[in-house]
Amino acid sequence: MTEEQRLEEFQRKIDSGEKIEPKDWMPESYRKNLIRMISQHAHSEIVGMLPEGNWITRAPSLRRKLILLAKIQDEAGHGLYLYSAAETLGASREELLENLHTGKAKYSSIFNYPTLTWADIGAIGWLVDGAAMVNQVSLIKTSYGPYSRAMVRICKEEAFHNRQGYEIIAELCNGTPEQKQMAQDALDRWWWPAIQMFGPEDTKSTHFEESMKWKIKAESNESLRQKFINMTVPQAEARGLKIPDPNLVFYPETKTYTYGEVDWNEFFNVIQGNGPMNKQRVRARKKAHDDGKWVREAATAYAKKKSKQSAA
Ligand code: FAQ
């Protein structure tokens, strides 16, 4: 087959809804775009453990502590599935982590904000996991088989994460006026960063065209953002919380909210490394990796010895 015929066959497969599997032929830019996106997703999962880990020792009850520990452990598992999915495309784990530690690879903008109070743990579950779930349910339809299958499992766990976050917020809202104010303050600080998580407007989304053509993404950033807003505003209202956007208007005919202008300068500033917590996050991640060197060596020592022996 010529290159052109291969490309046509590839596009036919995508258009007919067939999944692309690791050993199938794929255009180099499909492979590269997927490695970029899956590894950015994997990095987000493990960097996302940091703001939550900050609250393990300060969880207000044993029940809350157990739930938080289980959630953070789930995020590590998500990172593992996603790094493994990226490896099926020929990327090496070491190289991907190196890119995270040197700032060459991005991770989600949302994790560059601090967790100041216990209500922030509720807001992360409710808003951040809520946004991640809207995005990832759509990604189940991605054309790359291993990524799609990882999404099925991850979404089941995200649904639990989302509910436990909303439960924290609901309990605070039913508590003292100070507790309710804590929930409102967390919503005020996390709302706009959660809206930005979906990425820039479609006209500024550099990967938009290619990702839609090859069904790497099933929906655009704007359409997912709108879904999240439509889903979340009524949840805030049910708890007597106010979304910090004076321009939210509900249109009953379309069951859709219009919303105010997103501060894209803030978003681009954060993804360029200048958010409130970027430096601390990368430093903490790199330290954990360096401190874990002996564990990786111990875990692989026997397998390495055996493969040396069989080669001799
Ligand atoms: N943060 O052309 P697009 C979670 C970059 S998981 C940082 O539109 P794309 C679980 C983008 O990389 C959260 N950078 O990009 C959890 C590109 O730059 P590049 C993570 C961003 O890829 C919860 C440039 O802007 N989820 O939270 C962001 O088509 C709680 C132009 O943008 C995923 O990664 C951003 N928010 O669309 C864990 C899902 N947005 O790479 C712990 C998979 C955009 O050319 C606790 N990823 N950029 O240098 C996706 O769906 C997509 O990658 C988007 C961005 C939608 C994030």
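This section describes the ligand site of the predicted model and two lysines with an uncommon backbone geometry.

The ligand occupies the largest pocket. Its surroundings comprise 36 residues, of which Gln-40, Lys-106, Ser-205, His-207 and Lys-217 are the closest. By residue class, this shell consists of 13 nonpolar, 14 polar and nine charged residues. Helix 2 (28–47), helix 4 (62–87), helix 6 (118–139), helix 7 (145–173) and helix 11 (264–274) each contribute at least two residues to the shell. The largest contribution, seven residues, is made by helix 6.

Polar side chains approach oxygen atoms of the ligand at several positions. For Lys-106, a side-chain N or O atom is found 2.5 Å from a ligand oxygen. The corresponding distance is 2.9 Å for Arg-36, and a polar side-chain atom of Asn-221 is likewise placed 2.9 Å from an oxygen atom of the ligand. Of the 1,100 Å² of accessible area that the ligand has on its own, the protein covers 93%.

Attention now turns to the backbone. Most residues other than glycine have a negative phi. Lys-215, by contrast, has a positive phi, near 50 degrees. This residue belongs to the loop between helix 9 (208–213) and helix 10 (221–238). With a relative accessible area of 32%, Lys-215 is partly exposed. Lys-255 also has a positive phi, of about 50 degrees, although it is not a glycine. Lys-255 is located in the loop that links strand 1 (249–251) and strand 2 (256–258). Its relative accessibility of 62% places Lys-255 in the exposed class.

Key: Residues numbered from 1 in each chain as written. Predicted model: local features only at pLDDT ≥ 70, side-chain atom pairs only at ≥ 80, totals over all residues. Heavy atoms only, no water. Helix = DSSP H or I, 4+ residues; strand = E, 2+ residues; numbered from the N terminus. Buried < 20%, exposed > 50% of the residue type's maximum accessible area, 1.4 Å probe, protein only. Near = heavy atom within 4 Å. Polar contact = N/O pair within 3.5 Å; in protein donor to acceptor, adjacent residues only side chain to side chain. Areas by Shrake-Rupley, 256 points an atom, 1.4 Å probe, with all protein chains shown as cover. 1 Å grid on protein atoms, 1.4 Å probe; cavity = no way out; pocket = protein on both sides within 12 Å on 5 of 7 lines; lining within 4 Å. Sits in = over half its atoms within 2 Å of the grid points. Nonpolar A, V, L, I, M, F, W, Y, C, P; charged D, E, K, R; others polar.
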